[in-house]
Amino acid sequence: MTIKGKHIYITSCTVQRHLVELFYAFSQMEIKNLVFFSKNLTLTRQREYLSRMEESPTDHLFVIKEIETEQLVGTIGLHEHDVHHNNIRYGGMVFPGYKGKGYGYEATRLILGYAFNELKVNKVYINAFPTNDNLIALCAKLCFRFDGILREHYFLNGKYHDMYHFTKLRKEWKNE
Ligand SMILES: CC(C)(COP(=O)(O)OP(=O)(O)OC[C@H]1O[C@@H](n2cnc3c(N)ncnc32)[C@H](O)[C@@H]1OP(=O)(O)O)[C@@H](O)C(=O)NCCC(=O)NCCS
């Protein structure tokens with residue numbers, strides 16, 4: 001599945017097409033500083049993760065490509081689709097060097113269209129660390145609603161962390 005925007009397009013991530021490219025991109029970055037990322041990234045682990053995503057019926061992982069250069073500029077996904085309650089979690093990342101160009105916004109609009117029009121979910125939610133100013137600003141720009149704080153929702157590095165919970169409903173998307 002490929003969805004085209006103005007400056008970027010998003011395309012379903014596959015092991016065959018994207019493993020090496022993604023592994024290379026992540027290896028170049030100071031990715032170890034990112035809290036939610038595995039500290040010991042290896043090609044094998046990366047392959048396992050991408051295979052799991054590819055096979056999972058509840059995850060939809062895409063890569064973000066710049067149209068002009070075909071450069072890989074990030075990843076974006078919908079995860080943990082709860083088919084009964086019909087909600088899904090958003091996750092995404094624009095690589096250093098490509099941030100602040102509107103790509104995160106554009107890619108998120110594209111994937112929201114996919115979530116509401118193709119998957120027909122009722123709700124997309126975003127859980128953000130309270131310190132993640134860029135993501136919180138992106139949620140505001142996309143008119144996500146701040147539903148509150150999920151107390152000690154996320155376990156990382158031996159500690160429970162509060163998360164800000166943002167949501168967008170299908171009826172809100174349709175009216176935009
Ligand atoms: C959050 C993230 C995806 C945004 O992507 P991006 O391409 O840099 O964002 P954009 O250029 O599309 O900006 C969209 C909006 O986000 C906000 N924003 C993004 N970067 C910002 C910054 N450095 N300072 C303030 N606001 C910022 C602004 O509201 C901006 O709109 P504006 O330019 O009209 O003010 C990116 O910063 C990122 O990858 N962060 C690290 C990974 C992460 O936290 N992912 C979320 C996990 S769920």
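Modeller: A crossing of two helices is called left-handed if the near helix is turned anticlockwise from the far one by less than a right angle, and right-handed if it is turned clockwise. The model discussed here is predicted.

Colleague: Is the crossing of H1 and H2 left-handed or right-handed?
Modeller: Helix H1 covers residues 15-28 and helix H2 covers residues 43-55, and the two pack against each other. By the rule just given, which separates clockwise from anticlockwise turns, the crossing of H1 and H2 is right-handed.

Colleague: Is H1 oblique or roughly antiparallel to H2?
Modeller: H1 and H2 pack at an angle of about 140°, with their axes 10 Å apart. An angle counts as roughly antiparallel when it is over 145 degrees. The angle of about 140° therefore makes the relation of H1 to H2 oblique.

Colleague: In the contact of H1 with H2, how many residues are nonpolar?
Modeller: H1 contributes Val15, His18, Leu19, Leu22 and Phe23, while H2 contributes Leu43, Gln46, Arg47, Leu50, Ser51 and Glu54. By class, this contact has 3 polar and 2 charged residues, and its nonpolar residues number 6.

Colleague: Which are the edge strands of the sheet?
Modeller: The sheet is open and has 8 strands with mixed pairing, in the order S1-S2-S3-S4-S5-S6-S8-S7. An edge strand pairs on one side only, which here applies to strand S1 (2-4) and strand S7 (145-156).

Colleague: By how much are neighbouring strands of this sheet turned against each other on average?
Modeller: The sheet is made of 8 strands. With direction ignored, the average turn between neighbouring strands is 25°.

Colleague: Which residue in S3 is the bridge partner of isoleucine 10?
Modeller: S1 and S2 form a hairpin with 3 residues between them, and they pair in the antiparallel sense over 3 bridges. Across that pairing, isoleucine 10 of S2 is the partner of isoleucine 3. Strand S2 (residues 8-12) is also joined to strand S3 (residues 60-66) by 5 bridges, and these two run antiparallel. In S3, the partner of isoleucine 10 is isoleucine 64.

Colleague: Which residue in S6 is the bridge partner of asparagine 87?
Modeller: Strand S4 (residues 72-82) and S5 pair in the antiparallel sense over 7 bridges, and there asparagine 87 in S5 stands opposite aspartate 82. S5 is also joined to S6 by 3 bridges, and these two run parallel. In S6, the partner of asparagine 87 is lysine 123.

Colleague: Which residue in the turn between S4 and S5 has a positive phi?
Modeller: S4 and S5 form a hairpin with 4 residues between them. The positive phi in this turn is about 60°, and it belongs to asparagine 86.

Colleague: Which strands does H4 touch where it packs on the sheet?
Modeller: The direction of H4 makes about 155° with that of S6. The strands touched by H4 are strand S6 (123-128) and strand S8 (159-169).

Colleague: Which element gives the largest share of the shell around the ligand?
Modeller: The ligand is surrounded by 18 residues, and the closest are Lys99, Gly104, Tyr105, Asn134 and Ala137. Strand S5 (87-94), helix H3 (103-118) and helix H4 (133-141) are the elements that give two or more residues to this shell. The largest share is 5 residues, and it comes from H4.

Colleague: How many charged residues does the shell around the ligand have?
Modeller: By class, 8 residues of the shell are nonpolar and 7 are polar. The number of charged residues in the shell is 3.

Technical notes: Residues numbered from 1 in each chain as written. Predicted model: local features only at pLDDT ≥ 70, side-chain atom pairs only at ≥ 80, totals over all residues. Near = placed C-beta within 6 Å. Nonpolar A, V, L, I, M, F, W, Y, C, P; charged D, E, K, R; others polar. Axes fitted to C-alpha atoms, helices over the stretch in contact; angles between N-to-C directions. Parallel < 35°, antiparallel > 145°, perpendicular 65-115°, else oblique. Contact = placed C-beta atoms within 7 Å. Pairing = 2+ DSSP bridges.
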